[in-house]
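Reader: Could you walk me through this one before I get to the bench? I'd like to start with the empty spaces and then move on to the ligand.

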Amino acid sequence: MQTPKVTIVIFGATGDLAKRKLFPSIYKLYQNGKIDEDFAVVGLARRPWTNDVFRDNVKASLDQEVSTDENVDKFISHFYYHSFDVTETDSYNNLHGLLEELEGTYQTSGNRIFYLAMAPEYFGSIAKNLQSHGLKNSPGWTRLVIEKPFGHDLESAKELNNEIRVAFDEEQIYRIDHYLGKEMVQNIEVIRFANGIFEHLWNNRFISNIQVTSSEKLGVEERARYYDHSGAARDMVQNHMLQMVALLAMEPPINLSTDEIRSEKVRALRSLRMIEKEQVQDYFVRGQYGSGHLDGQELRSYREEADELAQSNTETFVAGKVMIDNYRWAGVPFYIRTGKRMAEKCTKIVVEFKDIPMNLYYKEEPKKHPNLLVINIQPNEGITLYLNAKKAGAGSIAQPIQLSYTNNGIDGINTPEAYEKLLYDCMIGDTTNFTHWDEVAYSWRFIDSILSGWAATEADFPNYASGSMGPKAAHELLEKDGFHWWQIS
Ligand code: BG6
């Protein structure tokens, strides 16, 4: 196992992401011996904090998110704070000095990760400033990690990409999609390509449809400003949902190199059927949550969550039928569904195999029990295969049975958090589970076509109750094709 030596510079170190995900993930890497003792973390933000205040905050975040041991104080002593204005030349010059000093203290060989965990409007100028102030000129490697949103549409994403590419090469850019760090999302490829019983059937001759659901119980929380500008299509579909579709649809790579895997994903995304403005209603459903009940609590509607949302027409739910127009998938719908304030927190994939022409072993309706492969991504991790078999003593009558494998059930397996894995990948220079620019571009092209269709029509919001599985139209979307959403795990 490689134990990289590195200085991680976090822009936005007083923010929520740093607190909830980054500090705990770096600590886990440290605890698991995946980062060398020679490392430093530099936190940047506007607040005039000292190292001590910053370290107290890091400690508080660790206490809340992970279980710490006696090494925690030593770990925290590697954290430094630098008050920073992203538009100020002095800030970059001072940072340069600090990095050189820390590289002397910690022998990190000049390896630097610049992690942008802050408002996207500054991504481009930070990248340029890092270049022009010489912060990329170190004896080691330099990498840029970027959180989403990567643009607001294809045009703005292109602009942002051009700005960043002036300073960083594509191989140095790590665009985070945290779904790609999830254990079972990474497993899609393995389940598909390491099993003859699936891969031989993984096409339009044997699969009738594939359903990808990512539902959340949470509402908009404290993020009204960001979210209302974004909506579920940009927030979840452009990235996480389409990435899962790409992994389900891609052709087998010729080897496991980053380039080969990414290029197969790009080919899948390139085959997405573009939806004409006038046809968007036939393929996509949008929703916004109204009031409702969930876990015994009464919940407000989206429009009641904050004053600025009172008139909002932003979608908090999307369901869609995605078609992949290539030889393997012609005619097979990939249904996707994601939303806030739904009945459960769950991400799963259901692959529905075509039914046999007639089933003699079921005497009563429903007689159709297609085989299903369920890939549970969260909260449970595992796979379940739905088969039909005769249970002992049941005569010749078949019953659906399940073969299940769960990661959660294995003692001692504590699957690392997505961020922990992705940070480690970045430190060892593996870009496989980060999004290449071409993937971003093809995803935006698809999302733009849907958004432009929606922009041309009135939304009928709110149209689903908090605590439900979305608007009626999301069910009708499948019903008109003769399918339904499988509520199973
Ligand atoms: C983020 C979105 O990318 O993913 C959030 O911005 C969403 O709105 C989150 O809540 C869901 O992630 P997870 O890992 O909880 O499914």
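Reader: Which helix gives the most to the lining of the second largest pocket?

Author: Helix 7 gives the most there, with six residues. Please keep in mind throughout that this is a predicted model. Helix 7 spans 183–193, and together with helix 10, at 258–270, it makes up the elements that give two or more residues to that lining.

Reader: How many residues line the second largest pocket, and which lie nearest its centre?

Author: The lining has 14 residues, and Gln186, Glu189, Ile261, Thr432 and Asn433 are the ones nearest the centre. By character the lining divides into six nonpolar, four polar and four charged residues, and the space in the pocket comes to about 240 Å³.

Reader: OK, and closed spaces: how many cavities of 30 Å³ or more does the structure hold?

Author: There is one cavity of 30 Å³ or more, and the volume of the largest cavity is about 160 Å³. Its lining is made of 19 residues, with Lys148, Phe150, Gln238, Asn239 and Thr435 nearest the centre. Helix 9 and helix 13, the latter at 437–455, are the elements that give two or more residues to this lining, and helix 9 gives the most, with six.

Reader: How do the residues lining the largest cavity divide by character?

Author: They divide into seven nonpolar, five polar and seven charged residues.

Reader: Switching to the ligand, which residues surround it?

Author: The ligand is surrounded by Lys148, His178, Tyr179, Lys182, Glu216, Arg223, Asp235, Met236, His240, Lys340, Lys345 and Gln378. Lys148 therefore appears both in this shell and in the cavity lining, where a residue counts as lining if it has an atom within 4 Å of a point of the cavity. The shell divides into two nonpolar, three polar and seven charged residues, and helix 9, at residues 224–249, supplies the largest share of the shell, namely three residues.

Reader: What distance separates lysine 148 from the ligand?

Author: A polar side-chain atom of lysine 148 is 2.6 Å from an oxygen atom of the ligand. For lysine 182, an N or O atom of the side chain is likewise 2.6 Å from a ligand oxygen, and for aspartate 235 a polar side-chain atom lies 2.6 Å from an oxygen atom of the ligand. Taken alone the ligand exposes 400 Å², and the protein buries 81% of that.

Reader: Back to lysine 148: is its peptide bond to proline 149 cis or trans?

Author: That bond is cis, with omega near 5°, and proline 149 sits in the loop between strand 5 (142–146) and helix 6 (154–167). Glutamine 378, which is listed in the ligand shell, is also followed by a cis bond, to proline 379, with omega near 0°. Proline 379 is in the loop between strand 14 (372–378) and strand 15 (382–390).

Reader: Which loop holds glutamate 221, and what is its phi?

Author: Glutamate 221 lies in the loop between strand 7 (207–215) and helix 9, and its phi is positive, about 55°, although it is not a glycine.

Reader: Last one: which residues does the UniProt domain annotation cover?

Author: According to the unreviewed UniProt entry, the domain annotated "Glucose-6-phosphate dehydrogenase NAD-binding" covers residues 9–187. Over that stretch the chain is 46% helix and 16% strand, and the end C-alpha atoms are 30 Å apart.

Definitions and conventions. Residues numbered from 1 in each chain as written. Predicted model: local features only at pLDDT ≥ 70, side-chain atom pairs only at ≥ 80, totals over all residues. Heavy atoms only, no water. UniProt positions renumbered as here; feature names shortened; annotations may be inferred. Helix = DSSP H or I, 4+ residues; strand = E, 2+ residues; numbered from the N terminus. Near = heavy atom within 4 Å. Polar contact = N/O pair within 3.5 Å; in protein donor to acceptor, adjacent residues only side chain to side chain. Areas by Shrake-Rupley, 256 points an atom, 1.4 Å probe, with all protein chains shown as cover. Nonpolar A, V, L, I, M, F, W, Y, C, P; charged D, E, K, R; others polar. 1 Å grid on protein atoms, 1.4 Å probe; cavity = no way out; pocket = protein on both sides within 12 Å on 5 of 7 lines; lining within 4 Å. Points joined across faces, edges and corners; volume = space filled by probe spheres on them.
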